[in-house]
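Trainee: May I ask how the descriptive terms applied to this model are justified?
Mentor: Certainly; let us set each value against its definition.

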Amino acid sequence: MDIAELSTKILNRDRRALARAITLVESQRADHRVLAGELLSMLATQRRQALRIGLSGTPGVGKSTFIESFGLMLTAQGLRVAVLAVDPSSARSGGSILGDKTRMERLSRDPNAFIRPSPSQTHLGGVARRSREAVALCEAADYDVVLIETVGVGQSETVVSEISDLFLLLLAPAGGDELQGVKRGIMEIADVILINKADGELKSAASRTCADYSGALRLLRKRPQDPEGFPKAMMVSALEDKGLALAWEELQSLNGWRREQGHWVQRREDQARYWFAQEVRQALLARLDSPQVRHQMDALAETVASGQLSATAAAQQMLADLDTV
Ligand SMILES: Nc1nc2c(ncn2[C@@H]2O[C@H](COP(=O)(O)OP(=O)(O)O)[C@@H](O)[C@H]2O)c(=O)[nH]1
Ligand SMILES: [Mg+2]
């Protein structure tokens with residue numbers, strides 16, 4: 001594989017080259033990791049930056065419909081839009097966007113859009129790295145907006161929020177007046193909560209849900225990265241294309257404020273530090289999986305079991321041995 005050529009093609013907005021590069025960063029093969037590293041370093045010198053928007057919501061809430069409508073609205077404004085999925089459960093479910101590509105049919109045909117289904121990976125660490133690198137590739141391919149979707153199982157919201165500038169939570173109108181069991185942690189990372197399906201018979205329920213969440217958001221601790229009025233809850237209808245332009249205005253205004261105030265740069269720097277630390281942790285953990293290390297662990301475990309060594313002493317020896325085995 002010619003990495004320099006691939007790099008040039010990506011910079012020239014070649015979508016097939018971008019797709020190939022994402023396949024490369026998804027690969028676990030050691031030689032592919034080396035090539036992926038070379039490619040990413042080569043592209044990083046360009047310093048192209050997109051607006052990265054994370055989007056979370058339970059299945060059925062309307063994520064695909066929203067991404068299609070919102071994406072088409074952006075491309076109609078001349079913006080280039082990339083869509084990625086972060087879904088650690090995709091090995092079981094077959095990918096959150098894959099079956100959806102049909103649902104996002106119009107967007108996937110748009111020459112200014114790029115849609116990438118989630119890969120079949122179960123390991124969240126692998127998903128995180130792949131997603132982060134895929135976002136970097138999309139930025140290099142000159143996309144203006146990168147939408148990163150997650151179905152929000154387990155810790156995938158954290159992963160997505162750690163690669164996004166803005167985080168959207170999509171909700172459906174609730175039947176009663178209860179908050180729909182949305183975890184506090186997810187509320188705390190949301191910049192804008194969108195109550196979708198605010199149309200037809202669901203409209204009044206959507207109004208109530210929106211009021212409930214506006215109230216709940218006001219009770220959260222104020223974050224330094226928020227101007228007056230944020231985070232906020234808004235109503236949209238992805239199906240009828242309502243409220244999307246207003247939502248986009250709000251997102252831009254929030255992003256503009258954060259850029260002016262230095263929060264945007266701060267956040268990207270913090271994210272870079274976070275991912276560096278995560279990579280080191282993961283690489284260390286991966287070393288424990290090598291056959292030699294396992295063998296040594298088993299041997300030491302026996303000495304602990306028979307009482308020859310204490311667990312603490314054996315662990316210290318194991319750590320000392322890590323550099324030699
Ligand atoms: N009434 C209404 N239905 C919607 C809206 N957005 C999505 N839906 C419907 O909700 C269902 C699930 O939508 P989908 O986009 O696949 O949700 P996802 O699982 O979150 O990706 C589909 O039947 C959509 O037609 C909306 O704004 N209004
Ligand atoms: Mg979907």
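**Pockets, strands and a buried arginine**

Mentor: In this predicted model, the second largest pocket holds about 390 Å³ of space. Its lining is made up of 16 residues, and Leu 217, Arg 218, Leu 220, Phe 230 and Pro 231 are those nearest the centre. Two or more lining residues come from each of helix 9 (184–189), helix 10 (203–219) and strand 7 (232–235).

Trainee: What makes a residue part of the lining of a pocket?

Mentor: A lining residue has an atom within 4 Å of a point of the pocket. For the second largest pocket, 16 residues line the space, and helix 10 gives the most, with three residues.

Trainee: How does the lining of the second largest pocket divide into nonpolar, polar and charged residues?

Mentor: It has six nonpolar, two polar and eight charged residues. Arg counts as charged and Leu as nonpolar, so Arg 218 belongs to the charged group and Leu 217 to the nonpolar group.

Trainee: Which residues lie nearest the centre of the largest pocket?

Mentor: They are Ala 44, Arg 52, Ala 136, Glu 139 and Arg 268, out of 24 lining residues. The space in the largest pocket is about 800 Å³. Helix 3 (30–44), helix 7 and helix 12 each provide at least two lining residues, and helix 12 contributes the most, with seven. By type, the lining of the largest pocket comprises eleven nonpolar, four polar and nine charged residues.

Trainee: How do you know that the length of helix 12 agrees with the expected span?

Mentor: Helix 12 covers residues 263–287, which is 25 residues. The expected span is 1.5 Å times one less than the number of residues. For helix 12 that expectation is 36 Å, and the distance from the first C-alpha to the last is 36 Å, so the two agree closely. The buried residues of helix 12 are Trp 264, Arg 268, Gln 271 and Trp 275.

Trainee: Why is Arg 130 called buried?

Mentor: The term buried requires a relative accessible area under 20%. Arg 130 has a value of 1%, and therefore the term applies. Arg 130 is located in helix 7 (residues 124–140).

Trainee: What makes the pair Arg 130 and Glu 26 a polar contact?

Mentor: The cut-off for a pair of N or O atoms is 3.5 Å. The side chains of Arg 130 and Glu 26 are joined at 3.0 Å, so the pair falls within the cut-off.

Trainee: Why is strand 5 called mostly covered?

Mentor: Strand 5 (residues 166–171) has six of its six residues buried; the description follows because buried means under 20% relative accessible area. Leu 166, Leu 168 and Leu 170 point one way, while Phe 167, Leu 169 and Leu 171 point the other way.

Trainee: How do you know that strand 5 pairs with strand 1 and strand 6?

Mentor: Pairing requires at least two bridges. Strand 1 (residues 51–56) is joined to strand 5 by four bridges, in parallel, and strand 5 also pairs in the parallel sense with strand 6 (residues 192–195) over four bridges. The criterion is therefore met in each case. Ile 53 stands opposite Leu 166, and Leu 171 stands opposite Ile 195.

How values were computed
Residues numbered from 1 in each chain as written. Chains lettered and ligands numbered in written order. Predicted model: local features only at pLDDT ≥ 70, side-chain atom pairs only at ≥ 80, totals over all residues. Heavy atoms only, no water. Buried < 20%, exposed > 50% of the residue type's maximum accessible area, 1.4 Å probe, protein only. Polar contact = N/O pair within 3.5 Å; in protein donor to acceptor, adjacent residues only side chain to side chain. 1 Å grid on protein atoms, 1.4 Å probe; cavity = no way out; pocket = protein on both sides within 12 Å on 5 of 7 lines; lining within 4 Å. Points joined across faces, edges and corners; volume = space filled by probe spheres on them.
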